[in-house]
Amino acid sequence: MGTADTGPGTAPAGSGLRFGRIPITEVAPVVEGGMFPAKAVPGEDIEVAATVFREGHDLLGVTAVLFDPDGRFVQRARLAPAGQGTDRWAGTLRPTYPGSWSFAIEGWADLYATWLHNAEVKIAAGVDVELMLAEGSQLFTRAAGQQGRPGPNAQVLRQAAALLADADRPVAERLEAGSEPAVQAAVDEHPIRGLVTVSRSYPLLVQRDRAGRGAWYEFFPRSEGAVFDPQSRTWTSGTFATAAKRLPAVAAMGFDVIYLPPIHPIGRTNRKGRNNTLVAGPGDPGSPWAIGAAEGGHDAIHPDLGGFEDFDAFVAAAAEAGLEVALDLALQASPDHPWATEHPEWFTTRVDGSIAYAENPPKKYQDIYPLNFDNDPQGLSMEILRIVKLWISHGVKIFRVDNPHTKPVWFWEWLIGEVNREYPEVVFLAEAFTRPAMMHALGRAGFQQSYSYFTWRNTKEELAEYFTEVSHETPAFFRPNFFVNTPDILTEYLQYGGPAAFKVRAVLAATASPLWGVYAGYELYEHVARPGAEEYIDNEKYEYKHRDFAKAEAEGRSLAPYLTRLNQIRRDHPALGDLQNLSVLATTDNATLAYAKHKENLDAAGRKDTIVVVVNLDPHHVREGMVDLDPAALGLEPEDLNEDGTFWVDDLISGESWRWGERNYVRLDPRAEPAHVLHVRRSR
């Protein structure tokens, strides 16, 4: 609630009061009262806010203070009123490198603002004229003598004090001396504060860049380089060596992470056939998520892909291409997994003695046994920790966790905590499409990022509401990774929206969140679903898939150049690397969504970056209307404006440029280009 500094107005020592001299309440970002740290990545602007108020009419100032992992002061940011009459104050802090940081809120009497307000009112009314000028002179004299105030700053205040006290000058001139720009600048730089009250410190965990920023690409290594023999009607699996040949193309599209589904031996009992049929043919490879066979379990590699040396070579090839490898961590087992016989207590045994297979009604997974953490939690937990550390030793620093919401939350808090204590660079992505409470709990427990509801948010209202939620309500503990598709998810929007729909979803995902992902085949506009299901026909989970990416691109049937452009835009524009800076803009058309992302002080010169995205969400029809925005909110300076008050925006997709202002006409034809990604042009 705020603890007052020792000094005038401080409560009696030992009083045990919870309120300080200046009450400070409802501090953000604070997760569960500080039980869990708020999250950030280096260079990210973190929204900080608090409710701060005091008795009477004197004016307040509020600042947020950032401390590095060693407890050293790093930054003090002045907060601004966040709403008239709310006593809410907000601003941003920017940590610069990974570690356990902290921040606090300071509330204080703004002695200068209070004096100036009172002096202007009273002197204009002819009340206490000399007294107000004398009080101002005294205020500046004392402030100039404060320890730590720079010499030039103090000299400005001394000069103002002398002018205020000079009775030979006109009153108006003396008052003006106390409010001239040089004085305002000096006080802004070093405020004149009283009754300083400091909140307790709150934790801020800053994790490496890839924990909160990155473009993901998913492929099945067994499909990359797989060969089909038309005579025998059989496939020869791809290997890590053949899959590595695809890595330069993935990197060339601008992706940062190559995500692999499970690479372990696949069970044969109840193996699923093509399109999730219950009976597999002799050549069906089975689902990679049915982990475990005679060749081994989670600590083994499917022999068709190669061995550990081959995997190490793949990781090295990815690193050479500028990619990190993310490995699927699917905590489940096929009936053939060694665990099924060696540790039956790690599963659920039914009344008839059989082990229960996985179900997610109406879906059934007869080829998978889910784990049960209630019988031997310590033994099972330690085994999983061993497995994770094994793959870390082979260069894996990112894990995409399959269905974490089907395991106890305490387990994830323990596992991620144990791993990150020894390997703080390791990142966990939660593939949890479930209720918000569970998804948010997993984020609090330690998951650095999560799949999200973005996949099913399609209308203007749905997207505006969801973008606002993830950027301003939950970012302290929930970082969304906006995947446009997965092997399990092919939405109706993509099934029936045509090529424009693929562009729309890619633009939204790549610009609204610093994290986004694509499953292979998206760039080929793959859109045919299995009848009655929201997943692909001839699903790659159950068979090999041959794709000729190069031919499609050569024939102009590929979205790869578009994805490449989006990823390049992301790299060129720091505003797109933050989560909490998204503002939804008003539009007059009910299928046109617009939002802006703005970032300031990118260098010592105060460079700014602003992106405005306008998207036609209707993939079948031309849409037109007006987009409203506030130029002041975009940080535009007078030198950025044209003579008529407009400013230039450059479309980073089409290359066109327009003059924009407060209200702007847009027309988007999905057959040509369904979106604008606009960069606000500045003088520097």
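**Note on the predicted model**

1. Beyond its neighbours within four places in sequence, Ala321 is in contact with Leu247 and Ala251. This alanine sits in the loop that runs between H9 and strand S16 (324–329). Its relative accessibility is 29%, and because buried means under 20% and exposed means over 50%, Ala321 counts as partly exposed. Measuring from C-alpha to C-alpha, Ala321 and Glu643 are 47 Å apart in space, with their positions 322 residues apart in sequence.

2. The structure as a whole is a predicted model. The chain has 684 residues, and buried residues make up 54% of them. It contains 18 helices and 33 strands. Along the principal axes, its C-alpha trace spans about 110 × 60 × 40 Å. Of the contacts between residues at least 6 apart in sequence, 74% join residues at least 24 apart.

3. The interior comes next. The largest nonpolar core has 152 residues, and within it Ile105 and Trp516 touch the most other members. Helix H16 gives the most to this core, with nine residues. Another core lies apart from it and has 21 residues, among them Phe140, Ala154, Val183 and Ala186.

4. Helix H18 covers residues 560–572, which makes 13 residues. At 1.5 Å a residue it should span 18 Å, and its end C-alpha atoms are 18 Å apart, so the two values agree. Its buried residues are Ala560, Tyr562, Leu563, Leu566, Asn567, Ile569 and Arg570. An α-helix has 3.6 residues a turn, so residues three or four places apart point the same way. The cover over the buried residues of H18 includes two helices, H16 (498–512) and H17 (549–554), together with strands S12 (214–218), S25 (515–519) and S33 (675–680).

5. Helix H13 (residues 436–445) also has a buried set, made up of Met438, Met439, His440, Leu442, Gly443 and Ala445. These residues pack against S3, helix H12 (409–422), strand S23 (449–450) and helix H14 (460–473). Gly446 follows H13 and has a positive phi, near 140 degrees.

6. Which residues lie nearest the centre of the largest pocket? They are Asn360, Lys363, Tyr365, Asn403 and Asp488, out of 36 residues that line the pocket. Strand S18 (358–360) and strand S19 (363–365) are the elements that give two or more residues to this lining. The space in the largest pocket is about 1100 Å³. By class, its lining has 14 nonpolar, nine polar and 13 charged residues.

7. The second largest pocket has a volume of about 730 Å³. Its lining is formed by 29 residues, and Thr92, Asn581, His598, Glu600 and Ala633 are the closest to its centre. Four strands each give two or more residues to this lining: S6 (73–78), S8 (88–93), S26 (582–587) and S27 (592–599). The classes here are ten nonpolar, nine polar and ten charged residues.

8. Enclosed space is a separate matter. Rolling a probe the size of a water molecule over the atoms shows where empty space is left. The structure holds five cavities of 30 Å³ or more, and about 70 Å³ of space lies in the largest cavity. That cavity is lined by Gly606, Arg607, Lys608, Glu637, Glu639, Asp640, Arg682, Ser683 and Arg684. By class, this lining has seven charged and two polar residues and no nonpolar ones.

9. Some points of the backbone deserve a check by eye. Most residues other than glycine have a negative phi, and most peptide bonds are trans. Asn275, which is not a glycine, has a positive phi of about 55 degrees; this asparagine lies in the loop between strand S15 (257–260) and helix H9 (308–320). Tyr525, also not a glycine, has a positive phi of about 60 degrees, and Tyr525 is found in the loop between S25 and H17.

10. Which kind of peptide bond joins Ala28 and Pro29? The bond is cis, with omega of about 5 degrees. Pro29 belongs to the loop between strand S2 (24–28) and strand S3 (38–40).

Conventions. Residues are numbered from 1 along each chain as its sequence is written. This is a predicted model: local features need pLDDT of at least 70, side-chain atom pairs count only at pLDDT 80 or more; totals for chains, interfaces and linings use all residues. Side-chain values use heavy atoms; hydrogens and water are left out. On a 1 Å grid over the protein atoms alone, a cavity is a set of points where a 1.4 Å probe fits but cannot get out, and a pocket is an open set with protein on both sides within 12 Å along at least five of seven lines; lining residues have an atom within 4 Å of a point. Grid points are joined across faces, edges and corners, and a volume is the space filled by probe spheres set on the points. Ala, Val, Leu, Ile, Met, Phe, Trp, Tyr, Cys and Pro count as nonpolar, Asp, Glu, Lys and Arg as charged, and the others, Gly among them, as polar. The expected span of a helix is 1.5 Å times one less than its number of residues. Buried means under 20% relative accessible area, exposed over 50%, partly exposed in between (1.4 Å probe, protein chains only). Contact means heavy atoms within 4.5 Å. A nonpolar core is a set of buried Ala, Val, Leu, Ile, Met, Phe, Trp, Tyr and Cys residues joined through side-chain atoms within 4.5 Å.
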